Amino acid sequence: MQRNIVIWIIALILVAVISVAGTTFYIGATSNKKLVISTTSSLYDTALLDTIEDQFEAKYPIDIYFISVGSGLALTHAQRGDADMILVHAPSEELAFLEGGYGTCRKIIAYNFFAIVGPEADPANIKDLSPTQALSNIVNAGRNQSAKWVSRGDDSGTHIKEKELWTTAGFNWSTLRDESWYIEAVTGMGGTLKVANAFNAYTLADMGTYLKYYKDGIISLKTLVTQGENLLNVYSAIAGNQTKYPHINFDGAITFIKFLISEEGQEIIANFGKDVYGQSLFCPAVNLLKQNTDPTIVQWIKNYAFFNGYECPPEYQDNHPELYT
Amino acid sequence: MWDFLQNPIFQITIRSLYVSGTATLLAALWSLPIGMVIGMKNFWGKQLVKGVFNALLGMPTVALGLILYLLFSKSGPLGFLDLFPSLQAMIIGEAILVTPIIVSLTASAVESVDPEIKDLAKTLGASEVEASVTVLRESMGGVVLAIIASFNRAIAELGVALAVGANLRGRTQVLTTVIAMEVNRGNIEYSIQLMIILLAIVFTITILTNLLQRRIK
């Protein structure tokens, strides 16, 4: 009987050792280099990145590891050296990121527009108004107890956009947030949409996530304000800084950025969502900026997401000027 | 058959079982001896050690997840190990999470064994190690319960798995992380399927434990 127990203990040790060794082998078995990309959740949630990952990995011996977080945490990951590159949509933060010496080779890859969504009844009467006028109406209606606003409240790109919009509309966000009609959800874009839907409230949403939730019948909120320079949403890819963090897979990051801005990559972005939603969720930005095909939008992008007239100022191009020709 | 093996739901389920199983076994390697020593020996500070392990039973997983992320992060003290984000980090994290469970439950089980059994074994000519094995055998029910409770805790928790595994598609996704992230993505139905699998695993194991315990006793 005692020998039995000893055998059990030996077996337990063996199984544990084999399991650990197995994991190490399983992970080490692939010779592909890994490329860790911290990404804003709005790109990830629509499954666009799944499509891009599959096509990229079929072509290159690189394994992509997407970590889906808000733009805020994506930037933090890269600042700590945990990500080789990032995909974000918060130009003001991106500039600070480049200036802080954390990122290089920024490239604008796509754009679309945020939407102010709200209940069909539209108690604040904002339909088709300008974004700033719409926000003023929502504040008035909120203070009259006839409307509510739900905020991301998480320093994501969408939340940063929201704060910029309040400022443009002449309000101070840090005092608005204390008012009773202003609700901070802090559960990602999807969570925020669900909360807004439950409260019959207004919120700022990226079109990709909104359409997905709307088509699936999870929310019944309607898009009320969708146009205007202020609602522009620009997505960029930024590689890490190999001088600061020599261990990062910088070459992999450049390869991936080149794939994103290639005809093939831009094509994937342009077509994504057409089959399911009947419309594209993201507009490719590379040819637009290169050939100035739509001067209005190009000017908007330059106003909003260029730094001193550059997509990426030369001092941050890290010997990759070919990305910008 | 190949298609089935390639099915993401199948792979996620297997990965969940694998991470929790490996973590539990790993934790058992050090936790069983610690638990037995605490249960059988009298030493200075014993109550304090027991108290610490009991307190750690309630470790919030988000707290442990954050601590481990900061440790494994490239800028953290263990960053050179290149463990964030990875399956290994998840296994290590779950093993740490369940260590207090195995230690505490094993210690209680061993303590509840009549001390005379050990003395009796020694009187009958058993060595110290052999006598300890006798005690372990007597407390087998409690030890099995400890292992199974640990497995259930590991497979059902989200905080650690998400913090150090980051829910990488096809790599570190386990049932709980996928359920959480897919709900965020709006894929409620997919989440429900995974939830049913998770519940089935947890409940089945609990029922088996009850049956097993009855047989051991």
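Trainee: How far apart are the centres of domain 1 and domain 2 of chain A, taken over C-alpha atoms?
Mentor: Friendly warning first: this is a predicted model, in which local features need pLDDT of at least 70 and side-chain atom pairs count only at pLDDT 80 or more, while totals for chains, interfaces and linings use all residues. Residues are numbered from 1 along each chain as its sequence is written, and chains are lettered from A and ligands numbered from 1 in the order in which they are written. The domain assignment, with bounds from an automatic or database source, splits chain A into domain 1 (33–112 + 232–324) and domain 2 (114–230). Taken over C-alpha atoms, the separation of their centres is 26 Å.

Trainee: Which element gives the most to the side of domain 1 of chain A that touches domain 2 of chain A?
Mentor: Two residues are in contact if their C-beta atoms, placed from the backbone, lie within 7 Å, and here 20 residues of domain 1 of chain A meet 19 residues of domain 2 of chain A. Helices (H or I, at least four residues) and strands (E, at least two) are DSSP runs, numbered from the N terminus. Those giving two or more residues to the domain 1 side are α2, α4 (71–79), α5 (91–99) and β9 (232–240) of chain A. With 3 residues, the one that gives the most is α2(A).

Trainee: How many charged residues are on that side of domain 1 of chain A?
Mentor: Ala, Val, Leu, Ile, Met, Phe, Trp, Tyr, Cys and Pro count as nonpolar, Asp, Glu, Lys and Arg as charged, and the others, Gly among them, as polar. By these classes, the side has 7 nonpolar and 11 polar residues. The number of charged residues is 2.

Trainee: Now to the two chains: which element gives the largest share of the side of chain A that touches chain B?
Mentor: The contact takes 30 residues from chain A and 28 residues from chain B. On the chain A side, α1 (2–29), β2 (62–69), α9 (188–199) and α10 (207–215) each give two or more residues. The class count there is 15 nonpolar, 9 polar and 6 charged residues. The largest share, 11 residues, comes from α1(A).

Trainee: How many residues of α10(A) are buried?
Mentor: A residue is buried if 20 or more other C-beta atoms lie within 10 Å of its own, exposed if 12 or fewer, and partly exposed in between, with C-beta atoms placed from the backbone. In α10(A), the buried residues include M207(A), L211(A) and Y214(A). They pack against elements of chain A, among them β4 (103–118) and β7 (202–206). Of its 9 residues, the buried ones number 8.

Trainee: Which residue in β7(A) is the bridge partner of I116(A)?
Mentor: Strands pair if DSSP finds at least two bridges between them, and β7(A) pairs with β4(A) in the antiparallel sense over 4 bridges. On β7(A), Y202(A), L204(A) and D206(A) point one way, T203(A) and A205(A) the other. As 5 of the 5 residues of β7(A) are buried, the strand is largely enclosed by the rest of the structure. The bridge partner of I116(A) is L204(A).

Trainee: Which helix gives the most to the largest nonpolar core?
Mentor: Such a core is a set of buried Ala, Val, Leu, Ile, Met, Phe, Trp, Tyr and Cys residues joined through C-beta atoms within 7 Å. This one has 154 residues, and those with the most contacts inside it are I37(A), I86(A), I138(A) and I102(B). From chain A it draws at least three residues from each of domain 1 and domain 2. With 15 residues (the helix spans 87–111), the top contributor is α5 of chain B.

Trainee: How many helices does chain B have?
Mentor: Its C-alpha trace spans about 65 × 40 × 30 Å along the principal axes. Of its 217 residues, 47% count as buried. Chain B has 0 strands, and its helices number 11.

Trainee: What is the omega of the cis peptide bond between F84(B) and P85(B)?
Mentor: Most residues other than glycine have a negative phi, and most peptide bonds are trans. P85(B) lies in the loop between α4 (61–72) and α5 of chain B. The cis bond that joins F84(B) to P85(B) has an omega of about -10°.

Trainee: And N167(B): buried or exposed?
Mentor: This residue sits in the loop between α9 (159–165) and α10 (175–185) of chain B. Phi of N167(B) is positive, near 55°, although the residue is not glycine. With 22 C-beta neighbours inside 10 Å, N167(B) counts as buried.
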